[in-house]
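Here are some notes to read alongside the structure, set out point by point. Please keep the sequence at hand while going through them.

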Amino acid sequence: MRHPRAPAALLLLAITIIGGCVGGAADCEALPTRIELALAADRLVPSDPAVCRDRDVTLVVTPEVDGILHVHGYDDQLPATEVTAGEVIELSFSAARSGQFPIELHTDDNAQGSSVGILRVHEP
Amino acid sequence: MSRRALRPGAAGVALLLATPGTAAAHAIGGTFQLQVPLWLYLAGAGVAVAASFVITSLSERTAAPAMDYPTRQAPDAVARVLRTGLRLLGLAWWYGAIGIGLVIGDISPLPAVLLWVGIWVGLPIVAVLAGNPWPSLSPFRTTFAALEWVARRAGAARLDLGLAYPPGLGRWPAVILLAAGIWAELILPGGEVAQTVALLMAAYTVLTLTGMLLFGQVVWLRNAELFEVELGWFGRIGPLARLSRSSRLCEACDEGCDPRRCLDCPECSVAADDHERMPVLRPWVVGLGDPGRPGWSDAVFIVLALAGVTYDGLREIAVGAWMFNAIYPVVSAVLGPTSAATFLVVETLQLASVAIAFLAAFVAIVLATRRLAGRAPSGSLGSSAGRYAVTLLPIAGGYLIAHYLTLVLQGAAWLPSLLADPLMSLAPQLDVPIVLVWYLSVVAIVGGHIAGVVLAHRLALGHAPGRATLAGLPMLGLMIGYTVLSLWIIASPIVIEPGAAPAALRP
């Protein structure tokens, strides 16, 4: 019952499209395991710290404001932590999951919290 | 170590949860304060389902001929363009996800969005709302057709080996693959990681093409290809159907489809060439009125699909934690308290428990239905189970919409920026009011159950003439119970009782 005609051409076209969609990933060896971060009410500098999965990581945070710092999606490894302006705090955790995880700051003025940066955990 | 430390989470959901402002209800965050207590909503929904049973029982007292509904043919030109577009899209979608996962890999969420959000939960919703796109979209059909074309050019008479498919095997291969798919989506550690997704898809491609080469396209697709079977079932709810132009195509069909109409017969749908079938429009749900000859494997497939989405909802609420706490001590005593295997086994046992409980409840209901029918029941228990399982499909469809529609919408909104930057793009936040999500859930779940009640009553009219209302009571009980359970699961993470303070404001 089947008389295929064009499928081979469609398959070739699809493979060509896929072939164009290539790129490169992060070099895990070059990524640090200890990252210094400056935290203001509305931003984190640098805003997108990148690490590799299965590494023990330390974030050294220098806050300019009081509040609660929280990495969304990493609550188990890194529970929400209270920060105080001027007091440097070290947050150590094991990067168990890869992906992109928003870093949120909750302050008295903004109890709901807002995203100040993104933690990127690359595949090894 | 806490439970979630080693728990991977639902692959698609995990992706979208890792974005600003997303929480429960899968993709849309926030809570909603009810105007009346939740129990009133749940009771009202149960009463609506019961009332639909009373009305149907009073208004339909004799079995109507199956397939008695109007259809309208869709324009051929539109169908042709749509078919070619879907074929291209299917190839790019499936092989694109594999290519991106293997070549780019790393933290790209694109393969997982394409598979878990797009194909796994998106396409069943499309099938329910519009119709089954898979016969045109399927990369396996297109790939196999391309291989056949090559074989023909090389002088081969046929591509497949034509091995005999064991007749007793039914659709059990599809059941096993569905169970494996649910496990991979909800439990497999790293199930959302790009490379893992690509490898899963590549392995499934090899398995499917091998099956088609060994047993032939028609046999493998209608019995073992997971998406073909699943979307074939859900597609019977949607208004867009496929009609074979010639009834002769269905005369030798094993599925028991009505050869005069030959609509959406899985076997004919696979066997017919593009020019041998045409799209027609029909009312929603009526396609389930002629389910063919489903048996045990179909019943288990449908109940498992329902159990899978229910398990995903249960583990977001207190019941999931309760189940975990019941199973964890036993497993941890054997495998250790913090071993990765412990959490994997516990979650697998949780999923298996829900699936077994659903199957046991369903079989008990079917047995009770047959007993209440009064005389020696016609057909085997498996045949009754298969036919009554079909009446659960609108319920599964309604629950899919309630549970996953927001996730699919967010996935669709994310796709353009993900395609532009597969590595670093972040999911956008959709401003869909949570109250809208709640009412949509109520309508989808109650509507699905009412459709299920009507279908089950029509089935009982055929099986137990004169005692259809009595024989329908066990299924009615099941449907009212599941209406309340599923609405409660949907409501728990997103609603706040009247007068209660939001969690964030409690001391």
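1. In the sheet, strand 8 (residues 99-106) of chain A runs antiparallel to strand 5 (residues 67-71) of chain A, and 4 bridges join the two. One place to look is L69(A), whose bridge partner in strand 8 of chain A is L105(A). As general background, strands of a sheet pair through backbone hydrogen bonds, either parallel or antiparallel.

2. This is a predicted model, so confidence deserves attention before any detail is read. The average pLDDT of chain A is 83, and 79% of the residues score at least 70. Among the elements of chain A, the highest mean pLDDT, 96, belongs to strand 1 (residues 34-39), whereas the lowest, 51, belongs to helix 1 (residues 7-20).

3. Two stretches call for caution: pLDDT stays under 50 over residues 1-5 of chain A, and it is also below 50 over residues 18-24 of chain A. Where pLDDT is low, the predicted coordinates should not be read in detail.

4. As for the overall layout, chain A contains 1 helix and 9 strands, and along the sequence the helix is followed by the strands, in the pattern α-β-β-β-β-β-β-β-β-β.

5. Five of these strands form an open sheet in chain A with the order 3-9-8-5-6 and mixed pairing. Its edge strands, each pairing on one side only, are strand 3 (50-52) and strand 6 (81-83) of chain A. On average, neighbouring strands of this sheet are turned by 30 degrees against each other, direction ignored.

6. Finally, 33% of the 124 residues of chain A count as buried.

Notes:
Residues numbered from 1 in each chain as written. Chains lettered and ligands numbered in written order. Predicted model: local features only at pLDDT ≥ 70, side-chain atom pairs only at ≥ 80, totals over all residues. Pairing = 2+ DSSP bridges. Axes fitted to C-alpha atoms, helices over the stretch in contact; angles between N-to-C directions. pLDDT = per-residue confidence, 0-100. Contact = placed C-beta atoms within 7 Å. Buried ≥ 20, exposed ≤ 12 C-beta atoms within 10 Å, placed from the backbone.
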